[in-house]
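Please open the model in a viewer and keep the selection panel at hand. The stops below proceed from one selection to the next.

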Amino acid sequence: MIEVNKAYKVLLTIILILQFYFFDIIPKINELLINANSEYSKKIQLFLFVIMCFILVFSKKRTMSEKKYFSLPIMFLLISIFLISIASAKIYDQSMLSTISTYYSFYLVIAYFPLSYFISNKENLVWFYGTVVKMSLLYLILQNIQGIIYKITHVVFLFYTPIALQNLSMLQRFTEGTEIITFVAVLISMKPFLLGEKWKMSDYITLVLVISFNLFFSQGRMYLMIAIITITVSILIQLYTSRHKSLVYILSPIIILGILFLFGKIISMLNFTNTTGERSASYIIRTYSYEYFYQHFFYNKWFGIGFADPTQYKWLLKGAAGFDAGGGLMTYQDVGMVGTAGILGISGLIFFAIVVLSLVVFLFKGRNKAIITLILLYIGVSLISLSPLDTGRIFPFVLILAISDYSQSSSEEVNKIVKQI
């Protein structure tokens, strides 16, 4: 086990460096890695995940006493993806190799198996938490400084990927790393219940920087909502289980009204459903996308659109311009579970249903209900608008599932509630 854990720590450190885009501070590196590590490409990560799986399979100490609750749904999803690949290759007259290589990102879910094994050990979890928070703090300091300088001078001193630079130029938004820093906010929210430790100053600073980056620079509304909701709920759980809980219960009406008021202000400020203004196009296209991909759940009978070549079948994957409302601009990644089901069909719906139902069962019958509550909020909100099986979101998604396993299987009492306020 020691050898496996050491190898995993090295590999996970590399994966986190890639996930946090630390090559932004080194000239030319991102230009070389654009096809292997970017917002839309995770080929290096897939290679590293495969290595982790091989290490686990061939390790003499690979036996695990803890139950892996999501092994069956992950296996079901992998088998479904492979069968859809075979069918898509035949239907769309593509080679099997090109089909898999184009849609390889769906296979990133294999990371669940080594991650669940690694995180089943609390020492490993503590190491992972510390490493992630330190990296995210460094990343967020750099990105917030870059954001401030860019807003004032339009100068870019970091060496972003070409895609990130294009988004910054056209949309005035910093889009790199938003998935992982949102996960970090959720992870910190779980810390009191996961590790039984109080938030440290580094945790508070990181949470503030996550909010500021999402609010002012990345402007990812759903990411911001996930961070705010999970942080708020974490604080509430801590308050209602603290030594001063009697006073908190008395003040509950004021607390609840205050939260509802602030939540309403945030919704209004972010213009989620406005059909006018600078973000109106995003809302309108998403509305069209929901309807479009919903209508394609059974496009190929037992699966949806499937893995059609994105160049030849752009009209199918994004809608036909001039024919479908929003045609040419729609993407399945931006409409959550509906978009994924539009590609995978019924198997995608079954997978997400099993995951959510399992978490609901944990909430009512399992242990560490605070952790499961936060995980359900994270996954539930994501399923609305942010597909967990998108290329950039799969890694945080399988990490959340691995943490769910740990919360239910650990023989150690990790559900300590500590006074924070």
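## A loop residue as the starting point

Select Asp-93, which counts as exposed because its relative accessibility is 71%. Asp-93 sits in the loop between helix 4 and helix 5. Its phi is near 55°, a positive value in a residue other than glycine. Most residues other than glycine have a negative phi. The model under inspection is a predicted one.

For a second case of this backbone feature, move to Gln-172, where phi is near 60°, again positive in a residue other than glycine. Gln-172 belongs to the loop between helix 8 (162-171) and helix 9. With a relative accessibility of 30%, Gln-172 counts as partly exposed.

## Confidence across the chain

Colour the chain by pLDDT. The average over the protein is 87, and 90% of the residues score at least 70. Next, select residues 411-421, over which the pLDDT is below 50. Beyond near neighbours in sequence, this stretch has 38 contacts in the model. Where pLDDT is low, the predicted coordinates should not be read in detail.

## Helix 5 and a buried threonine

Select helix 5 (residues 96-102), in which Thr-99 is found. Is Thr-99 buried or exposed? Thr-99 is buried, as its relative accessible area is 1%. Display its surroundings: leaving aside neighbours within four places in sequence, Thr-99 is in contact with Ser-85, Ser-88, Ala-89, Gln-94 and Phe-307.

## Helix 4 against helix 17

Now show helix 4 (residues 71-91) together with helix 17 (residues 346-365); their axes are 10 Å apart and the packing angle is about 170°. Because of this angle, which is over 145 degrees, helix 4 and helix 17 are roughly antiparallel to each other. To view the contact, select Pro-73, Ile-74, Phe-76, Leu-77, Ser-80 and Ile-84 on helix 4; they meet Ser-347, Ile-350, Phe-351 and Ile-354 on helix 17. Classed by residue type, this contact of helix 4 with helix 17 holds eight nonpolar, two polar and no charged residues.

## Helix 9 against helix 11

Select helix 9 (residues 178-194) and helix 11 (residues 221-240). Their axes come within 9 Å and cross at roughly 5°. Helix 9 is accordingly roughly parallel to helix 11. Which residues of helix 9 meet helix 11? On the helix 9 side they are Thr-178, Glu-179, Thr-182, Ala-185, Val-186, Ser-189, Pro-192 and Phe-193. Their counterparts in helix 11 are Tyr-223, Ile-226, Ala-227, Thr-230, Ile-231, Ser-234, Ile-237 and Gln-238. By class, the contact of helix 9 with helix 11 has nine nonpolar, six polar and one charged residues.

## The nonpolar core

Keep helix 9 in view and turn to the largest nonpolar core, which has 120 residues. The residues with the most contacts inside this core are Phe-20, Phe-183, Met-190, Ile-379 and Leu-389. Helix 9 gives the most to this core, with 11 residues. Centre the view on Met-190: not counting residues up to four places away in sequence, Met-190 touches Ile-371, Leu-374, Ile-375, Ile-400 and Ile-403.

## A buried serine in a loop

Proceed to the loop between helix 18 (369-385) and helix 19 (394-409), where Ser-387 is placed. Ser-387 counts as buried, at 1% relative accessibility. Show the residues that Ser-387 touches, again not counting those up to four places away in sequence: Tyr-332, Gln-333, Gly-336, Thr-340, Ser-382 and Arg-393.

## A buried lysine before helix 4

Select Lys-68, in the loop between helix 3 (43-58) and helix 4. Lys-68 is buried, because its relative accessible area of 14% falls under 20%. What does Lys-68 touch, not counting residues up to four places away in sequence? The residues in question are Tyr-112, Ser-116, Tyr-117, Ser-120 and Asp-405. For a distance across the model, place a marker between the C-alpha atoms of Lys-68 and Lys-200: these residues are 132 residues apart along the chain, and the atoms are separated by 31 Å.

## Last stop: helix 7

Finish with Ile-148 in helix 7 (residues 122-153). Ile-148 is partly exposed, with a relative accessible area of 48%. Mark the C-alpha atoms of Ile-148 and Phe-217, which are separated by 8.4 Å although the two residues are 69 residues apart along the chain.

How values were computed:
Residues numbered from 1 in each chain as written. Predicted model: local features only at pLDDT ≥ 70, side-chain atom pairs only at ≥ 80, totals over all residues. Heavy atoms only, no water. Axes fitted to C-alpha atoms, helices over the stretch in contact; angles between N-to-C directions. Helix = DSSP H or I, 4+ residues; strand = E, 2+ residues; numbered from the N terminus. Parallel < 35°, antiparallel > 145°, perpendicular 65-115°, else oblique. Contact = heavy atoms within 4.5 Å. Nonpolar A, V, L, I, M, F, W, Y, C, P; charged D, E, K, R; others polar. Core = buried A, V, L, I, M, F, W, Y, C linked by side-chain atoms within 4.5 Å. Buried < 20%, exposed > 50% of the residue type's maximum accessible area, 1.4 Å probe, protein only. pLDDT = per-residue confidence, 0-100.
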